[in-house]
Amino acid sequence: MYHNPFNPFTDEHNLLRLSFREFLSREIMPYIEEWEQNKHCEASVFRKMGEQGYFGVTFPSEYGGSNMDLWSAVVIAEELAHANCGGLAMSLYAHTYLPLPLINSLGSEWQKQTYLAPALRGEKIAALAITEPGAGSDVGGIQTTAQDHGDYFVLNGSKMFITNGTIADFVVVVTRTGPGYDMSLFIVDTHTPGFRAIPVKNKLGMHSSDTAQLFLEDCIVPRQNLIGDKSNGFYYIMNNIQEERLIACVMGTATAEFALYKAMQYTKEREAFGKQIGKFQVIRHKMAKNGYRCRGLPLNGIPRRTRILEKGPEAIKIVSMAKAFICERAFDVVNEALQIHGGWGYMEDYGLARALRDTRLMTVGAGTTEVMHEIISKMIVDDVRHQRQFVKARAGAELS
Ligand SMILES: Cc1cc2nc3c(=O)[nH]c(=O)nc-3n(C[C@H](O)[C@H](O)[C@H](O)COP(=O)(O)OP(=O)(O)OC[C@H]3O[C@@H](n4cnc5c(N)ncnc54)[C@H](O)[C@@H]3O)c2cc1C
């Protein structure tokens, strides 16, 4: 049988896709409108996802995961995006791919049993708190402090825009433990005295996700809740963020594909001036342009090669390029799909109004496009410098 070498999905992935699609249509799709209105999803959806093992696909079996590769996470992310529930997808993603990989790769056995395993079962909801009212892109500028008292730390400060903030059972909090990049990560139980979460309700989109401002006032956190080594938190966060950005790329691409598909259907249904709008050359060209934008969104190239995560600094450059390119283009594709729907696109009926609101976050969250450009430009300058040194060294060797 012919096997497409560029298709990374195995039979196991395909089965996962079918079962998750069925789960979505049964347990999620019927409630999306209600969650969008209420501006948060129900905690029960986390339990249902956990019971079916959908949180744990890439995590080790000792903690309830199924030890599959990153392609299984791609399957879940793609299906969520095709279901056009950006807010819910963000809540689930902020639970699974922001705090949990940190505990999985750096946490103690006690932390894994107490937080990771119940989170994978959907019994505990998790969040990651980096951003503060005064510092987002500039992670080095955070002000939340953790004072070392031996057996425990005392945390003080405030965090902003934290997904799952009011529904979380625990939050991985990034704190300052010294000057410069001396930062440490703590797992903070949300029932800790001094911890408060206030919902942020005035968002443009992502309505079914919960967003909160957090306050930590003299929160006493036991030393056993410190993740990894004290003072290394900044580097832990920077390493973890590549996987988070890669999943954001997958969601961006799948949302663009969803919008393109909706537009394609509409061009066949809608008539104007006595013919299907898809017969107008200008609409056909729009479809062509957005078609190659979707194909060009490097899902088939860059993020599809998830092994790039193993490539260290090279991965940072490639993932940053993918994040900047995909998130900008995904918004353009959704915007054009809405345009093709005319006035109906502006209504909630076809799902494009929601997709547009939700996709708008993609160029801001998980690192803004401008910050991606900063990373890429610095790394390209380094590449050019290395190439020059290489050419000089080779010329020198040939002359001697
Ligand atoms: C709905 C939502 C959910 C979120 N969920 C979470 C979460 O779960 N956890 C969490 O920790 N955070 C979360 N965030 C925060 C998000 O990651 C930050 O908003 C984002 O990183 C940008 O930070 P900022 O808002 O402080 O903007 P700023 O950093 O203040 O940036 C403002 C502008 O300046 C530009 N800029 C900044 N630095 C540079 C530079 N060096 N060069 C060029 N331009 C620059 C930016 O690109 C941007 O355009 C969420 C945000 C939203 C809106």
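Guide: Domain bounds come from an automatic or database domain assignment. The model itself is predicted.

Visitor: Between which domains does the ligand lie?
Guide: The assignment splits the protein chain into domain 1 (11–120), domain 2 (126–230) and domain 3 (235–389). Two of these domains give residues to the shell around the ligand, so it lies between them: domain 2 and domain 3.

Visitor: Which residues are closest to the ligand?
Guide: The ligand is surrounded by 22 residues. By class, 11 of the shell are nonpolar, 7 polar and 4 charged. At least two shell residues each come from β1 (126–129), β3 (152–163) and α13 (369–399). The closest residues are I130, G136, S137, T368 and E370.

Visitor: Which helix gives the most to the side of domain 1 that touches domain 2?
Guide: The C-alpha centres of these two domains are 22 Å apart. Across the contact, 26 residues of domain 1 meet 20 residues of domain 2. On the domain 1 side, α2 (32–38), α5 (86–96), α6 (100–106) and α7 (109–120) each supply at least two residues. The most, 7 residues, come from α5.

Visitor: How many residues on that side of domain 1 are nonpolar?
Guide: The side of domain 1 that touches domain 2 includes 7 polar residues and 2 charged ones. Its nonpolar residues number 17.

Visitor: Which helix supplies the largest share of the largest nonpolar core?
Guide: This core has 108 residues, and F186 is among those with the most contacts inside it. The largest share is 15 residues, and it comes from helix α8 (residues 233–269).

Methods. Residues are numbered from 1 along each chain as its sequence is written. This is a predicted model: local features need pLDDT of at least 70, side-chain atom pairs count only at pLDDT 80 or more; totals for chains, interfaces and linings use all residues. A nonpolar core is a set of buried Ala, Val, Leu, Ile, Met, Phe, Trp, Tyr and Cys residues joined through C-beta atoms within 7 Å. A residue is buried if 20 or more other C-beta atoms lie within 10 Å of its own, exposed if 12 or fewer, and partly exposed in between; C-beta atoms are placed from the backbone. Helices (H or I, at least four residues) and strands (E, at least two) are DSSP runs, numbered from the N terminus. A residue is near a molecule or strand if its C-beta atom, placed from the backbone, lies within 6 Å of it. Ala, Val, Leu, Ile, Met, Phe, Trp, Tyr, Cys and Pro count as nonpolar, Asp, Glu, Lys and Arg as charged, and the others, Gly among them, as polar. Two residues are in contact if their C-beta atoms, placed from the backbone, lie within 7 Å.
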